[in-house]
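Please look over the sequence and the structure shown here before reading on. The briefing is meant for someone meeting this protein model without earlier acquaintance.

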Amino acid sequence: MAKPGHAWSRAPPPQEKAEDEEGEDPLDARIARTGCLEQHRELQECMAEQRDWRHCQPQLRAFGACMARRERREH
């Protein structure tokens with residue numbers, strides 16, 4: 001059982017709060033910081049058009065490869 005007072009949620013950090021107030025999607029902001037925003041948007045556009053991720057494999061692979069390159073740079 002959780003201790004009393006541990007069920008509250010913390011306020012987001014000031015940077016995330018500012019992004020929310022400006023109307024920017026926090027997920028887009030995080031992905032933009034990875035350098036993979038273009039690949040992510042291309043994947044989103046394909047998914048919106050095709051409505052089936054299986055038809056968006058090239059975009060999915062490109063986004064995954066971009067994120068993998070970022071992971072390798074960080075480690």
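What follows is a short overview and then some points grouped by topic.

This is a predicted model, and the protein in it has 75 residues, of which 20% count as buried. Its secondary structure consists of four helices and zero strands, so that, as the helix and strand assignments are defined, the pattern read along the sequence is α-α-α-α. The accessible surface of the protein comes to about 6,300 Å², and 52% of that area belongs to carbon and sulfur atoms.

**Overall layout and annotation**

- When contacts in the protein between residues at least 6 apart in sequence are considered, 30% of them join residues at least 24 apart.
- The UniProt record, in an unreviewed entry, lists residues 36–68 under the name "domain: CHCH".
- In the model, the span of residues 36–68 is 79% helix and 0% strand, and the C-alpha atoms at its two ends lie 10 Å apart.
- Another pair distant in sequence is Arg-69 and Thr-34, which are 35 residues apart along the chain, while their C-alpha atoms are separated by 9.7 Å.
- Arg-69 itself is found in helix H4, and the residue counts as partly exposed because its relative accessible area is 39%.

**The nonpolar core**

- In soluble globular proteins, nonpolar side chains tend to be buried together.
- The largest nonpolar core in this model is made up of eight residues, namely Ile-31, Cys-36, Leu-37, Leu-43, Cys-46, Cys-56, Phe-63 and Cys-66.
- Helix H3, which covers residues 37–50, and helix H4 each supply at least two residues of this core, and H3 gives the most to it, with three residues.
- Leaving aside residues up to four places away in sequence, Cys-36 touches Ile-31, Phe-63, Cys-66 and Met-67.

**A nonpolar patch on the surface**

- Nonpolar residues also appear on the surface, where Met-47, Trp-53 and Leu-60 form a patch with about 290 Å² of accessible area together.
- Leu-60, one of the residues of this patch, has its place in helix H4, which covers residues 57–74.
- Leu-60 counts as partly exposed because its relative accessibility is 34%, a value that lies between the limits of 20% for buried and 50% for exposed.

**The salt bridge and the loop between H3 and H4**

- The structure holds one salt bridge, in which the side chains of Asp-52 and Arg-54 meet with a distance of 2.8 Å from N to O.
- The two partners of this salt bridge differ in their exposure, because Asp-52 has 16% relative accessibility and counts as buried, whereas Arg-54 has 58% and counts as exposed.
- Arg-51 is found in the loop between H3 and H4, and this residue has a positive phi of about 60° although it is not a glycine.
- Arg-51 counts as exposed, because its relative accessibility is 76%, and the limit for that class is over 50%.

Key
Residues numbered from 1 in each chain as written. Predicted model: local features only at pLDDT ≥ 70, side-chain atom pairs only at ≥ 80, totals over all residues. Heavy atoms only, no water. Patch = residues over 30% accessible without salt bridge, like charges linked within 9 Å, V, L, I, M, F, W, Y side chains within 5 Å. Areas by Shrake-Rupley, 256 points an atom, 1.4 Å probe, with all protein chains shown as cover. Salt bridge = Lys/Arg side-chain N within 4 Å of Asp/Glu carboxyl O. Buried < 20%, exposed > 50% of the residue type's maximum accessible area, 1.4 Å probe, protein only. UniProt positions renumbered as here; feature names shortened; annotations may be inferred. Contact = heavy atoms within 4.5 Å. Core = buried A, V, L, I, M, F, W, Y, C linked by side-chain atoms within 4.5 Å.
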